[in-house]
Amino acid sequence: MKPRRSSLRWLTTAVLAYMVLAFAWWAFELWRQNDRLLGLSAQLLELKHNAGKRGVNLTALRETAEYQALLARHRKHQRMILSEGVFFTLCLGFGLWVINRAARRELSLARQRRNFMLSITHELKSPIAAMRLALETMALRPLNREQVEKICANGMRDAARLQMLVDDLLLAARLEDNWRPHVEAVDVRQILQDCVANAQVRFPEARVQVSIPTDFPLVQADRLGLTSVVQNLLDNALKYSPPGEPVRISIEPLSGRQMRLTVADQGPGIPDDEKAAIFEKFYRVGNEETRQTTGTGLGLYIVSQVARLHHGNVWVRDNSPRGTVFVVEL
Ligand code: ADP
């Protein structure tokens, strides 16, 4: 995609340079014509005054009202050429800037969509292939109890991954379609427990520390939306941290609001210049060719949209000594 982007930039620069040069050339030509016109008109005036007398005084001629009128018209034309030249150049620059920006956005969206299709294909193919292999193994080979349990655990992990992917896709599609939260009294403690249990299936080595006050009240929120927020943040924290690194998830009361959810990990962290972009749809940090982790770029988009539709907000900061902290306030 890079060569396409840079050739677009070169093309735009070349067109802009050509148009500015063409404008400059025509402005210069007009300026010269204006000067020539003044010279010719002055000569005509001189001839008119010379008709009767001999040896007319040039200084006196320049002080006549006719010559002053010629001079004023000449200056007016100069001002017109200058102001219109500047105005057209500005309009041209602005127009090209708008076209260039739209083209760059289009290219970036197309690239993100392609990456999304690639990652979704991969996300669907691998668990399906793994489950098929597990079923074939069970059908064709005599297995002992321990082996069956292992295959079932792997199958459940793949099914949980697929389930979460499908939930994310459905919710993302609904968010596009003017989704409104179905607000009801929700037990966040229960949601937290379910999400941690789900995460333990997908990441058996996960160490999740949960912290929530015992008497935490029910929260007015959309159950599915809130579950998706917690699940996505927890899943990312586990996915992007080295295996076995602890992840802390906490809920606390917040004055003027219902709650604050914090998910902190000790993973690689997120570069400062990417912190805003990660909430965009399909956005994934890094290079598609070299990236090790799987994903669709939908998780944080869903988190930010659900928070926004609950009149809340979400942000990310660095953890200490390393890692990331996501904070959602509702
Ligand atoms: P994905 O399906 O790629 O995980 P998300 O929208 O959930 O999509 O996240 C967007 C990007 O933000 C990810 O590709 C990843 O690079 C980055 N990211 C999200 N959470 C974390 C985290 N806890 N630690 C490091 N990077 C993260």
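**Exercise 1. How far does a backbone N or O atom of threonine 296 lie from an oxygen atom of the ligand?** Place this contact among the other backbone contacts to the ligand, and state how much of the ligand is covered.

*Solution.* The structure is a predicted model, and the values below are computed from it. Begin with threonine 296, where a backbone N or O atom lies 2.8 Å from a ligand oxygen atom. Next take leucine 300, for which a backbone N or O atom likewise lies 2.8 Å from an oxygen atom of the ligand. Then turn to valine 285, which has a polar backbone atom 3.4 Å from an oxygen atom of the ligand. Finally, consider the accessible area: the ligand has 530 Å² on its own, and the protein covers 95% of this area.

**Exercise 2. Describe the shell of residues around the ligand by its members, its elements and its classes.**

*Solution.* Start with the count, which is 19 residues surrounding the ligand, with Asn236, Tyr240, Asp265, Arg284 and Thr296 as the closest. Then assign elements: helix H6 (223-240), helix H7 (299-309) and strand S7 (324-329) each supply at least two residues of this shell. Of the elements, H6 gives the most, with four residues. Lastly, divide the shell by class, which yields nine nonpolar, seven polar and three charged residues.

**Exercise 3. Which space does the ligand take, and what lines that space?**

*Solution.* The first step is to identify the space, and the ligand turns out to take the largest pocket. The second step is to give its volume, which is about 980 Å³. Two or more residues of the lining come from each of H4, H6, H7 and S7, and H6 gives the most, with seven residues. The full lining has 46 residues, and those nearest the centre of the pocket are Asn236, Lys239, Tyr240, Arg284 and Thr294. Sorted by class, the lining of this pocket comprises 20 nonpolar, 13 polar and 13 charged residues.

**Exercise 4. How many cavities of 30 Å³ or more does a search of the whole structure find, and which residues line the largest cavity?**

*Solution.* Rolling a probe the size of a water molecule over the atoms shows where empty space is left. The search of the whole structure finds one cavity of 30 Å³ or more, and the volume of the largest cavity is about 60 Å³. Its lining consists of Asn34, Leu37, Leu38, Ser41, Leu70, Arg73, His74 and His77. Helix H1 (2-50) and helix H3 (65-140) each contribute at least two residues to this lining, which by class has three nonpolar, four polar and one charged residues.

**Exercise 5. Locate two points of backbone geometry, one in a peptide bond and one in a phi angle.**

*Solution.* As background, most residues other than glycine have a negative phi, and most peptide bonds are trans. For the peptide bond, examine serine 320 and proline 321, which are joined by a cis bond with omega of about 0°; proline 321 lies in the loop between strand S6 (313-318) and S7. For the phi angle, examine asparagine 178, a residue other than glycine whose phi is positive, near 60°. Asparagine 178 is placed in the loop between helix H4 (145-176) and strand S1 (183-186).

Key
Residues are numbered from 1 along each chain as its sequence is written. This is a predicted model: local features need pLDDT of at least 70, side-chain atom pairs count only at pLDDT 80 or more; totals for chains, interfaces and linings use all residues. Side-chain values use heavy atoms; hydrogens and water are left out. On a 1 Å grid over the protein atoms alone, a cavity is a set of points where a 1.4 Å probe fits but cannot get out, and a pocket is an open set with protein on both sides within 12 Å along at least five of seven lines; lining residues have an atom within 4 Å of a point. Grid points are joined across faces, edges and corners, and a volume is the space filled by probe spheres set on the points. Ala, Val, Leu, Ile, Met, Phe, Trp, Tyr, Cys and Pro count as nonpolar, Asp, Glu, Lys and Arg as charged, and the others, Gly among them, as polar. A residue is near a molecule or strand if one of its heavy atoms lies within 4 Å of it. A polar contact is a pair of N or O atoms within 3.5 Å; within protein, one must be able to donate a hydrogen and the other to accept it, and residues adjacent in sequence count only if both atoms are side-chain atoms. Accessible areas come from the Shrake-Rupley method with a 1.4 Å probe; for residues, only the protein chains shown count as cover. A molecule sits in a cavity or pocket if more than half of its atoms lie within 2 Å of its grid points.
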